[in-house]
Amino acid sequence: MKNWILFTVTAVAAFLLALLAVTIFERKSEAKFAYQPKVEIEGIEPRDSVWGLNYPRQYQSYQKTRDTTFHSLYGTSGHKDMLESDPELVVLWAGYAFSKNYNAPKGHAWAIEDITNILRTGAPMEAGDGPMPSTCWTCKSPDVPRLMSEMGVAEYYSQKWSDFGPQVINPIGCADCHNPQTMQLTITRPALIEAFDAMGKDINQASHQEMRSLVCAQCHVEYYFDKKKPGLENAQYLTFPWKDGMDVEDMESYYDNIEFADWVHPLSKTPMLKAQHPDYELFEMGVHAKRGVSCADCHMPYQTEGGQKFTNHHIGSPLANVENSCFVCHREKVDDLVTDVYERQRKIKEGTGSLQILIAKAHIEAAKAWELGATEAQMAEIQKGIRHAQWRWDYTVASHGAAFHAPLETSRIVTSATEIIQNTRIDLTRLLASLGFNQPVPMPDFKNKQALQAYVGWDIPKEQAAKQDFLEQVVPQWLKEGKAREAQKPVKTVSSK
(Lines give C-alpha, C1' and ligand atoms only; values in the text may rest on other atoms or scores of the structure.)
Protein backbone atom coordinates (compact mmCIF):
# COMPACT_ATOMS: atom_id res chain seq x y z
CA MET A 1 0.00 0.00 0.00
CA LYS A 2 2.81 2.35 0.93
CA ASN A 3 4.56 1.61 -2.35
CA TRP A 4 1.45 2.57 -4.30
CA ILE A 5 1.17 5.83 -2.37
CA LEU A 6 4.86 6.58 -2.99
CA PHE A 7 4.44 5.69 -6.66
CA THR A 8 1.40 7.96 -7.00
CA VAL A 9 3.09 10.89 -5.25
CA THR A 10 6.20 10.43 -7.40
CA ALA A 11 4.12 10.30 -10.59
CA VAL A 12 2.19 13.44 -9.68
CA ALA A 13 5.40 15.26 -8.77
CA ALA A 14 7.02 14.18 -12.04
CA PHE A 15 3.95 15.36 -13.97
CA LEU A 16 3.97 18.75 -12.26
CA LEU A 17 7.70 19.17 -12.83
CA ALA A 18 7.27 18.26 -16.50
CA LEU A 19 4.40 20.74 -16.77
CA LEU A 20 6.60 23.41 -15.17
CA ALA A 21 9.44 22.61 -17.55
CA VAL A 22 7.12 22.86 -20.56
CA THR A 23 5.76 26.19 -19.31
CA ILE A 24 9.27 27.56 -18.79
CA PHE A 25 10.29 26.36 -22.25
CA GLU A 26 7.22 27.97 -23.80
CA ARG A 27 7.86 31.26 -22.01
CA LYS A 28 11.52 31.26 -23.06
CA SER A 29 10.50 30.56 -26.64
CA GLU A 30 7.93 33.33 -26.44
CA ALA A 31 10.54 35.72 -25.06
CA LYS A 32 12.99 34.72 -27.79
CA PHE A 33 10.61 35.33 -30.66
CA ALA A 34 8.27 37.98 -29.24
CA TYR A 35 10.14 40.95 -30.64
CA GLN A 36 11.12 39.66 -34.03
CA PRO A 37 10.49 42.74 -36.23
CA LYS A 38 7.65 42.43 -38.70
CA VAL A 39 8.04 45.80 -40.45
CA GLU A 40 10.84 48.21 -41.22
CA ILE A 41 10.72 51.47 -39.28
CA GLU A 42 12.55 54.02 -41.37
CA GLY A 43 13.59 57.52 -40.35
CA ILE A 44 11.24 59.43 -38.04
CA GLU A 45 8.08 57.33 -38.30
CA PRO A 46 5.30 59.30 -36.54
CA ARG A 47 2.62 56.59 -36.83
CA ASP A 48 2.38 54.57 -33.62
CA SER A 49 0.32 51.94 -35.45
CA VAL A 50 3.43 51.07 -37.47
CA TRP A 51 5.61 50.75 -34.38
CA GLY A 52 2.86 48.66 -32.82
CA LEU A 53 3.34 45.94 -35.41
CA ASN A 54 6.80 45.30 -33.92
CA TYR A 55 6.01 46.16 -30.29
CA PRO A 56 2.38 45.16 -29.72
CA ARG A 57 2.43 45.10 -25.92
CA GLN A 58 3.86 48.59 -25.61
CA TYR A 59 1.51 49.88 -28.30
CA GLN A 60 -1.58 48.32 -26.73
CA SER A 61 -0.70 49.74 -23.31
CA TYR A 62 -0.06 53.18 -24.82
CA GLN A 63 -3.53 53.15 -26.37
CA LYS A 64 -4.91 53.12 -22.84
CA THR A 65 -3.81 56.75 -22.44
CA ARG A 66 -7.15 57.48 -24.11
CA ASP A 67 -8.86 56.10 -20.99
CA THR A 68 -10.45 59.02 -19.12
CA THR A 69 -11.93 57.14 -16.16
CA PHE A 70 -9.26 57.82 -13.52
CA HIS A 71 -9.97 60.50 -10.91
CA SER A 72 -7.89 61.46 -7.89
CA LEU A 73 -8.48 64.09 -5.19
CA TYR A 74 -7.84 67.02 -7.55
CA GLY A 75 -6.69 65.48 -10.81
CA THR A 76 -8.43 63.54 -13.53
CA SER A 77 -7.60 61.82 -16.80
CA GLY A 78 -10.86 63.16 -18.23
CA HIS A 79 -12.21 66.59 -19.06
CA LYS A 80 -12.23 69.17 -16.27
CA ASP A 81 -12.74 72.89 -16.77
CA MET A 82 -10.16 74.43 -14.44
CA LEU A 83 -11.59 77.93 -14.87
CA GLU A 84 -14.92 76.62 -13.63
CA SER A 85 -13.17 75.07 -10.63
CA ASP A 86 -11.11 78.19 -9.85
CA PRO A 87 -12.76 81.17 -11.61
CA GLU A 88 -10.33 83.70 -10.14
CA LEU A 89 -7.77 82.36 -12.63
CA VAL A 90 -9.65 84.36 -15.26
CA VAL A 91 -8.46 87.56 -13.54
CA LEU A 92 -4.92 86.30 -13.00
CA TRP A 93 -4.56 85.52 -16.70
CA ALA A 94 -6.65 88.42 -18.03
CA GLY A 95 -5.45 89.41 -21.48
CA TYR A 96 -3.82 86.00 -21.97
CA ALA A 97 -5.49 83.10 -23.79
CA PHE A 98 -5.44 80.86 -20.70
CA SER A 99 -8.26 82.94 -19.26
CA LYS A 100 -10.44 81.94 -22.21
CA ASN A 101 -10.10 78.19 -21.78
CA TYR A 102 -7.99 76.02 -19.50
CA ASN A 103 -8.66 72.32 -18.92
CA ALA A 104 -7.02 69.61 -16.88
CA PRO A 105 -4.54 67.61 -18.98
CA LYS A 106 -5.65 64.27 -20.40
CA GLY A 107 -3.55 61.35 -21.61
CA HIS A 108 -0.92 61.69 -24.35
CA ALA A 109 -3.18 60.12 -26.96
CA TRP A 110 -5.44 63.19 -26.70
CA ALA A 111 -2.67 65.70 -27.48
CA ILE A 112 -3.75 66.64 -31.02
CA GLU A 113 -7.48 66.75 -30.29
CA ASP A 114 -7.02 68.83 -27.17
CA ILE A 115 -4.81 71.49 -28.74
CA THR A 116 -7.12 71.65 -31.75
CA ASN A 117 -10.28 72.00 -29.66
CA ILE A 118 -9.02 74.50 -27.07
CA LEU A 119 -10.11 78.13 -27.51
CA ARG A 120 -6.55 79.29 -26.92
CA THR A 121 -5.39 78.26 -30.39
CA GLY A 122 -8.06 80.38 -32.04
CA ALA A 123 -10.03 79.56 -35.19
CA PRO A 124 -7.71 80.01 -38.20
CA MET A 125 -9.72 79.38 -41.33
CA GLU A 126 -6.68 79.16 -43.59
CA ALA A 127 -2.92 78.68 -43.39
CA GLY A 128 -1.06 81.65 -41.95
CA ASP A 129 -4.03 82.80 -39.86
CA GLY A 130 -4.56 82.68 -36.13
CA PRO A 131 -2.87 83.93 -32.96
CA MET A 132 -0.49 81.06 -32.29
CA PRO A 133 2.97 80.24 -33.71
CA SER A 134 3.97 76.82 -34.97
CA THR A 135 6.02 76.44 -31.78
CA CYS A 136 2.78 75.51 -30.01
CA TRP A 137 2.83 72.12 -31.78
CA THR A 138 6.29 71.25 -30.46
CA CYS A 139 5.39 68.86 -27.65
CA LYS A 140 2.23 67.43 -29.17
CA SER A 141 3.41 65.04 -31.85
CA PRO A 142 6.26 62.98 -33.35
CA ASP A 143 5.42 64.79 -36.57
CA VAL A 144 7.33 67.71 -35.06
CA PRO A 145 10.83 66.11 -35.07
CA ARG A 146 9.98 64.86 -38.56
CA LEU A 147 9.27 68.43 -39.70
CA MET A 148 12.37 69.75 -37.93
CA SER A 149 14.45 67.16 -39.76
CA GLU A 150 12.88 67.94 -43.13
CA MET A 151 12.88 71.74 -43.01
CA GLY A 152 15.28 72.77 -40.25
CA VAL A 153 14.65 73.75 -36.64
CA ALA A 154 14.65 77.53 -37.12
CA GLU A 155 12.38 77.32 -40.14
CA TYR A 156 9.96 75.14 -38.18
CA TYR A 157 9.80 77.77 -35.39
CA SER A 158 9.16 80.55 -37.94
CA GLN A 159 5.67 79.46 -39.08
CA LYS A 160 2.15 79.85 -37.77
CA TRP A 161 0.30 77.11 -35.90
CA SER A 162 -2.22 76.92 -38.73
CA ASP A 163 0.52 76.29 -41.30
CA PHE A 164 1.14 72.79 -39.95
CA GLY A 165 -2.44 71.60 -39.43
CA PRO A 166 -2.23 68.99 -42.22
CA GLN A 167 1.29 67.98 -41.13
CA VAL A 168 0.81 67.39 -37.40
CA ILE A 169 -1.86 64.72 -37.08
CA ASN A 170 -0.29 62.03 -34.86
CA PRO A 171 -0.40 62.47 -31.06
CA ILE A 172 2.62 62.01 -28.78
CA GLY A 173 4.09 58.60 -29.44
CA CYS A 174 6.95 56.19 -29.96
CA ALA A 175 9.16 58.34 -32.20
CA ASP A 176 9.22 61.12 -29.60
CA CYS A 177 11.41 59.04 -27.29
CA HIS A 178 12.90 56.06 -29.16
CA ASN A 179 15.56 55.55 -31.81
CA PRO A 180 13.81 53.27 -34.36
CA GLN A 181 16.96 51.31 -35.19
CA THR A 182 18.13 50.57 -31.63
CA MET A 183 15.03 51.38 -29.56
CA GLN A 184 17.32 53.28 -27.22
CA LEU A 185 15.86 56.34 -25.53
CA THR A 186 16.74 59.47 -27.46
CA ILE A 187 16.19 63.23 -27.29
CA THR A 188 14.20 64.50 -30.27
CA ARG A 189 13.56 68.11 -29.14
CA PRO A 190 16.58 70.41 -29.51
CA ALA A 191 15.51 72.75 -26.68
CA LEU A 192 16.57 70.23 -24.01
CA ILE A 193 19.96 69.65 -25.61
CA GLU A 194 20.47 73.41 -25.94
CA ALA A 195 19.48 73.92 -22.29
CA PHE A 196 22.11 71.42 -21.15
CA ASP A 197 24.68 73.16 -23.35
CA ALA A 198 23.76 76.51 -21.79
CA MET A 199 24.43 75.04 -18.34
CA GLY A 200 27.77 73.62 -19.49
CA LYS A 201 26.52 70.03 -19.38
CA ASP A 202 26.68 67.27 -21.98
CA ILE A 203 23.39 65.43 -22.26
CA ASN A 204 25.16 62.61 -24.12
CA GLN A 205 26.77 61.63 -20.82
CA ALA A 206 23.39 60.85 -19.25
CA SER A 207 22.90 57.29 -18.00
CA HIS A 208 20.03 55.08 -19.13
CA GLN A 209 18.25 55.70 -15.82
CA GLU A 210 18.64 59.45 -16.24
CA MET A 211 17.31 59.16 -19.79
CA ARG A 212 14.14 57.59 -18.37
CA SER A 213 13.43 61.06 -16.96
CA LEU A 214 15.09 63.22 -19.61
CA VAL A 215 12.85 62.00 -22.43
CA CYS A 216 9.99 63.37 -20.30
CA ALA A 217 11.95 66.59 -19.66
CA GLN A 218 11.80 67.38 -23.36
CA CYS A 219 8.30 68.71 -22.68
CA HIS A 220 7.42 68.56 -18.99
CA VAL A 221 9.43 71.66 -18.15
CA GLU A 222 9.27 75.45 -17.97
CA TYR A 223 9.96 77.11 -21.33
CA TYR A 224 9.36 80.28 -23.30
CA PHE A 225 9.33 81.41 -26.92
CA ASP A 226 12.44 83.48 -27.63
CA LYS A 227 11.59 86.13 -30.24
CA LYS A 228 14.98 87.85 -30.03
CA LYS A 229 17.38 85.02 -30.86
CA PRO A 230 20.24 86.56 -32.92
CA GLY A 231 19.77 85.93 -36.60
CA LEU A 232 16.37 84.30 -36.06
CA GLU A 233 14.17 87.35 -35.53
CA ASN A 234 11.23 85.76 -37.39
CA ALA A 235 11.24 82.67 -35.20
CA GLN A 236 9.56 81.98 -31.88
CA TYR A 237 12.33 79.70 -30.69
CA LEU A 238 11.48 77.27 -27.90
CA THR A 239 13.95 77.85 -25.05
CA PHE A 240 14.35 76.59 -21.49
CA PRO A 241 15.41 79.33 -19.00
CA TRP A 242 17.99 77.15 -17.25
CA LYS A 243 21.15 79.08 -18.06
CA ASP A 244 21.49 80.51 -14.53
CA GLY A 245 19.98 77.54 -12.69
CA MET A 246 16.85 75.47 -12.45
CA ASP A 247 15.08 76.73 -9.32
CA VAL A 248 12.25 79.23 -9.30
CA GLU A 249 14.40 82.21 -8.27
CA ASP A 250 17.05 81.44 -10.89
CA MET A 251 14.49 81.41 -13.69
CA GLU A 252 12.76 84.50 -12.30
CA SER A 253 16.08 86.39 -12.42
CA TYR A 254 16.76 85.04 -15.91
CA TYR A 255 13.47 86.42 -17.20
CA ASP A 256 13.94 89.74 -15.37
CA ASN A 257 17.44 90.19 -16.77
CA ILE A 258 16.29 89.77 -20.37
CA GLU A 259 13.12 91.81 -19.68
CA PHE A 260 10.94 89.01 -20.96
CA ALA A 261 7.16 88.94 -20.58
CA ASP A 262 4.60 86.51 -21.96
CA TRP A 263 2.00 89.29 -21.99
CA VAL A 264 1.03 92.58 -20.33
CA HIS A 265 -1.88 92.31 -17.92
CA PRO A 266 -4.67 94.69 -19.01
CA LEU A 267 -5.74 95.55 -15.44
CA SER A 268 -2.48 96.03 -13.55
CA LYS A 269 -0.47 96.76 -16.74
CA THR A 270 2.17 94.40 -15.37
CA PRO A 271 4.55 92.53 -17.72
CA MET A 272 3.62 88.98 -16.72
CA LEU A 273 5.18 85.52 -16.82
CA LYS A 274 3.14 82.39 -17.54
CA ALA A 275 4.68 79.27 -16.07
CA GLN A 276 4.23 76.23 -18.31
CA HIS A 277 4.61 72.91 -16.48
CA PRO A 278 7.95 72.76 -14.62
CA ASP A 279 7.50 69.11 -13.67
CA TYR A 280 11.09 68.01 -14.21
CA GLU A 281 12.59 70.96 -12.31
CA LEU A 282 10.45 70.39 -9.22
CA PHE A 283 10.78 66.60 -9.43
CA GLU A 284 14.57 67.03 -9.31
CA MET A 285 14.19 68.77 -5.92
CA GLY A 286 12.25 65.92 -4.34
CA VAL A 287 13.29 62.83 -2.42
CA HIS A 288 12.50 60.38 -5.22
CA ALA A 289 14.89 62.05 -7.66
CA LYS A 290 17.59 62.20 -4.99
CA ARG A 291 17.28 58.45 -4.53
CA GLY A 292 17.67 57.77 -8.24
CA VAL A 293 14.04 57.16 -9.14
CA SER A 294 13.11 58.14 -12.69
CA CYS A 295 9.82 59.44 -14.09
CA ALA A 296 9.27 56.13 -15.88
CA ASP A 297 9.72 54.10 -12.70
CA CYS A 298 6.45 55.51 -11.35
CA HIS A 299 4.51 56.68 -14.40
CA MET A 300 5.49 53.78 -16.70
CA PRO A 301 6.22 50.84 -14.37
CA TYR A 302 7.41 47.48 -15.62
CA GLN A 303 4.78 44.83 -16.25
CA THR A 304 4.98 41.10 -16.96
CA GLU A 305 2.72 39.39 -19.45
CA GLY A 306 3.34 35.76 -20.28
CA GLY A 307 7.10 35.42 -20.50
CA GLN A 308 7.63 39.08 -21.28
CA LYS A 309 8.67 41.92 -18.99
CA PHE A 310 8.02 45.26 -20.64
CA THR A 311 7.47 48.91 -19.81
CA ASN A 312 3.80 49.72 -19.46
CA HIS A 313 3.16 52.72 -21.73
CA HIS A 314 -0.17 53.60 -20.13
CA ILE A 315 1.44 56.82 -18.92
CA GLY A 316 -0.55 58.37 -16.10
CA SER A 317 -0.90 58.85 -12.37
CA PRO A 318 0.89 56.21 -10.25
CA LEU A 319 -2.21 56.27 -8.03
CA ALA A 320 -4.06 54.46 -10.81
CA ASN A 321 -1.57 51.58 -10.55
CA VAL A 322 -0.23 51.63 -7.00
CA GLU A 323 0.71 47.96 -6.91
CA ASN A 324 3.11 48.19 -9.87
CA SER A 325 4.27 51.77 -9.30
CA CYS A 326 4.61 52.39 -5.58
CA PHE A 327 4.86 48.92 -4.09
CA VAL A 328 8.13 48.18 -5.87
CA CYS A 329 9.72 50.21 -3.07
CA HIS A 330 7.03 50.91 -0.47
CA ARG A 331 5.40 48.41 1.85
CA GLU A 332 2.16 49.74 3.27
CA LYS A 333 -1.56 49.59 2.75
CA VAL A 334 -2.91 51.15 -0.43
CA ASP A 335 -5.31 53.36 1.52
CA ASP A 336 -2.52 54.62 3.78
CA LEU A 337 -0.27 55.47 0.86
CA VAL A 338 -2.99 57.26 -1.09
CA THR A 339 -4.12 59.14 2.01
CA ASP A 340 -0.55 60.36 2.54
CA VAL A 341 -0.38 61.67 -1.04
CA TYR A 342 -3.76 63.38 -0.75
CA GLU A 343 -2.79 65.01 2.53
CA ARG A 344 0.23 66.64 0.91
CA GLN A 345 -1.87 67.80 -2.01
CA ARG A 346 -4.61 69.15 0.25
CA LYS A 347 -2.20 71.27 2.28
CA ILE A 348 -0.52 72.73 -0.80
CA LYS A 349 -3.91 73.41 -2.41
CA GLU A 350 -4.99 75.30 0.69
CA GLY A 351 -2.02 77.63 0.29
CA THR A 352 -2.27 78.13 -3.47
CA GLY A 353 -6.04 78.64 -3.28
CA SER A 354 -5.68 81.51 -0.84
CA LEU A 355 -2.70 82.94 -2.73
CA GLN A 356 -4.46 83.16 -6.09
CA ILE A 357 -7.29 85.20 -4.55
CA LEU A 358 -4.77 87.66 -3.09
CA ILE A 359 -3.05 88.09 -6.46
CA ALA A 360 -6.35 88.55 -8.31
CA LYS A 361 -7.30 91.31 -5.86
CA ALA A 362 -3.90 92.96 -6.33
CA HIS A 363 -4.46 93.19 -10.11
CA ILE A 364 -7.81 94.90 -9.54
CA GLU A 365 -6.42 97.24 -6.88
CA ALA A 366 -3.59 98.16 -9.24
CA ALA A 367 -6.15 98.96 -11.94
CA LYS A 368 -7.84 101.32 -9.48
CA ALA A 369 -4.52 103.03 -8.77
CA TRP A 370 -3.96 103.60 -12.51
CA GLU A 371 -7.49 104.94 -12.80
CA LEU A 372 -6.78 107.47 -10.04
CA GLY A 373 -3.67 108.75 -11.78
CA ALA A 374 -0.79 106.68 -10.37
CA THR A 375 2.51 107.19 -12.19
CA GLU A 376 4.79 104.55 -13.64
CA ALA A 377 7.38 105.36 -10.98
CA GLN A 378 4.82 104.83 -8.22
CA MET A 379 3.70 101.53 -9.73
CA ALA A 380 7.09 100.04 -10.60
CA GLU A 381 7.71 98.11 -7.35
CA ILE A 382 4.05 97.14 -7.11
CA GLN A 383 4.15 95.64 -10.60
CA LYS A 384 7.34 93.82 -9.75
CA GLY A 385 5.65 92.32 -6.69
CA ILE A 386 2.63 91.21 -8.71
CA ARG A 387 4.87 89.70 -11.42
CA HIS A 388 7.03 87.76 -8.97
CA ALA A 389 4.17 86.57 -6.76
CA GLN A 390 2.10 85.31 -9.68
CA TRP A 391 5.12 83.69 -11.33
CA ARG A 392 5.83 81.72 -8.16
CA TRP A 393 2.18 80.78 -7.65
CA ASP A 394 1.90 79.67 -11.28
CA TYR A 395 5.14 77.72 -11.04
CA THR A 396 3.62 75.52 -8.32
CA VAL A 397 0.14 75.02 -9.80
CA ALA A 398 1.23 74.55 -13.43
CA SER A 399 3.52 71.68 -12.46
CA HIS A 400 1.76 68.33 -12.60
CA GLY A 401 2.26 66.62 -9.24
CA ALA A 402 4.34 69.37 -7.59
CA ALA A 403 2.70 68.81 -4.21
CA PHE A 404 3.88 65.20 -4.29
CA HIS A 405 7.16 65.45 -6.18
CA ALA A 406 8.64 68.15 -3.95
CA PRO A 407 6.22 69.19 -1.19
CA LEU A 408 8.81 71.08 0.85
CA GLU A 409 10.09 73.12 -2.09
CA THR A 410 6.55 73.73 -3.31
CA SER A 411 5.48 74.95 0.14
CA ARG A 412 8.52 77.23 0.31
CA ILE A 413 7.66 78.80 -3.05
CA VAL A 414 4.01 79.32 -2.05
CA THR A 415 5.10 80.92 1.24
CA SER A 416 7.49 83.29 -0.52
CA ALA A 417 4.81 84.28 -3.05
CA THR A 418 2.31 84.92 -0.28
CA GLU A 419 4.73 87.22 1.52
CA ILE A 420 5.49 89.11 -1.70
CA ILE A 421 1.83 89.71 -2.60
CA GLN A 422 0.85 90.68 0.94
CA ASN A 423 3.59 93.31 1.04
CA THR A 424 2.58 94.45 -2.45
CA ARG A 425 -1.03 94.92 -1.38
CA ILE A 426 0.11 96.94 1.63
CA ASP A 427 2.03 99.21 -0.77
CA LEU A 428 -1.08 99.43 -2.95
CA THR A 429 -3.22 100.43 0.03
CA ARG A 430 -0.78 103.21 0.90
CA LEU A 431 -0.65 104.40 -2.71
CA LEU A 432 -4.43 104.41 -3.02
CA ALA A 433 -4.67 106.39 0.19
CA SER A 434 -2.18 108.95 -1.13
CA LEU A 435 -4.40 109.26 -4.23
CA GLY A 436 -7.41 110.01 -2.02
CA PHE A 437 -9.00 106.54 -1.98
CA ASN A 438 -9.43 105.23 1.58
CA GLN A 439 -11.88 102.34 1.17
CA PRO A 440 -11.81 98.76 -0.10
CA VAL A 441 -11.61 98.50 -3.88
CA PRO A 442 -14.84 96.95 -5.27
CA MET A 443 -14.31 93.37 -6.37
CA PRO A 444 -16.19 91.23 -8.92
CA ASP A 445 -17.74 87.87 -8.07
CA PHE A 446 -14.73 85.56 -7.95
CA LYS A 447 -16.94 82.46 -8.14
CA ASN A 448 -18.54 83.23 -11.51
CA LYS A 449 -16.36 82.27 -14.49
CA GLN A 450 -18.62 83.75 -17.15
CA ALA A 451 -18.98 87.06 -15.31
CA LEU A 452 -15.22 87.31 -14.81
CA GLN A 453 -14.52 86.60 -18.48
CA ALA A 454 -16.87 89.44 -19.43
CA TYR A 455 -15.23 91.60 -16.73
CA VAL A 456 -11.77 91.20 -18.30
CA GLY A 457 -13.10 91.80 -21.81
CA TRP A 458 -13.57 88.40 -23.46
CA ASP A 459 -16.53 87.66 -25.73
CA ILE A 460 -16.55 83.90 -25.13
CA PRO A 461 -19.75 83.08 -27.08
CA LYS A 462 -18.20 84.74 -30.15
CA GLU A 463 -14.96 82.78 -29.66
CA GLN A 464 -16.87 79.52 -29.27
CA ALA A 465 -18.89 80.12 -32.44
CA ALA A 466 -15.74 80.82 -34.44
CA LYS A 467 -14.11 77.71 -32.98
CA GLN A 468 -17.06 75.56 -34.00
CA ASP A 469 -16.77 76.78 -37.59
CA PHE A 470 -13.07 75.96 -37.52
CA LEU A 471 -13.65 72.45 -36.14
CA GLU A 472 -16.33 71.69 -38.72
CA GLN A 473 -14.74 73.24 -41.80
CA VAL A 474 -10.95 73.26 -41.36
CA VAL A 475 -9.92 70.36 -39.12
CA PRO A 476 -11.51 67.61 -41.28
CA GLN A 477 -9.57 68.98 -44.25
CA TRP A 478 -6.34 68.96 -42.23
CA LEU A 479 -6.89 65.30 -41.34
CA LYS A 480 -7.82 64.37 -44.90
CA GLU A 481 -4.65 65.96 -46.29
CA GLY A 482 -2.51 64.41 -43.56
CA LYS A 483 -3.86 60.91 -44.09
CA ALA A 484 -3.42 61.21 -47.86
CA ARG A 485 0.20 62.24 -47.36
CA GLU A 486 0.87 59.30 -45.05
CA ALA A 487 -0.79 56.87 -47.45
CA GLN A 488 1.98 57.67 -49.93
CA LYS A 489 4.48 56.14 -47.51
CA PRO A 490 3.64 52.41 -47.48
CA VAL A 491 4.83 50.17 -44.67
CA LYS A 492 7.52 47.69 -45.72
CA THR A 493 7.49 44.24 -44.17
CA VAL A 494 10.82 42.75 -43.11
CA SER A 495 10.30 39.75 -45.38
CA SER A 496 10.06 42.02 -48.45
CA LYS A 497 13.72 43.07 -48.18
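**Close-up 1. Strands β5 and β6 form an antiparallel pair in this predicted model.** Here β5 covers residues 302-305 and β6 covers residues 308-311, and 4 bridges link them. Look for Tyr302, whose bridge partner in β6 is Thr311. Just 2 residues sit between the strands of this hairpin, and Gly306 has a positive phi near 65 degrees.

**Close-up 2. Helix α3 has buried residues on one side.** The helix runs over residues 56-63, and its buried residues include Arg57, Gln58, Ser61 and Tyr62. These four sit on the same side of α3 because they span an arc of only 130 degrees around the axis. As a reminder, an α-helix has 3.6 residues a turn, so residues three or four places apart point the same way.

**Close-up 3. Helix α11 packs against helix α17.** The axes of α11 (residues 248-257) and α17 (residues 376-398) lie 11 Å apart, at an angle of about 135 degrees. The two helices are therefore oblique to each other. On the α11 side, the contact uses Val248, Glu249, Met251, Glu252, Tyr255 and Asp256, while α17 brings in Arg387, His388, Trp391, Arg392 and Tyr395. The crossing is right-handed.

**Close-up 4. Helix α17 also meets helix α16.** The axes of α16 (residues 334-371) and α17 come within 10 Å and cross at roughly 155 degrees. That angle makes α16 roughly antiparallel to α17. This time the crossing is left-handed. Among the α16 residues in contact are Leu355, Ile359, His363 and Trp370, and α17 meets them with a set including Met379, Ile386, Trp393 and Val397.

Methods
Residues numbered from 1 in each chain as written. Predicted model: local features only at pLDDT ≥ 70, side-chain atom pairs only at ≥ 80, totals over all residues. Heavy atoms only, no water. Pairing = 2+ DSSP bridges. Buried < 20%, exposed > 50% of the residue type's maximum accessible area, 1.4 Å probe, protein only. Arc of directions from axis to C-beta. Axes fitted to C-alpha atoms, helices over the stretch in contact; angles between N-to-C directions. Parallel < 35°, antiparallel > 145°, perpendicular 65-115°, else oblique. Left-handed = near helix turned anticlockwise from the far one by under 90°. Contact = heavy atoms within 4.5 Å.
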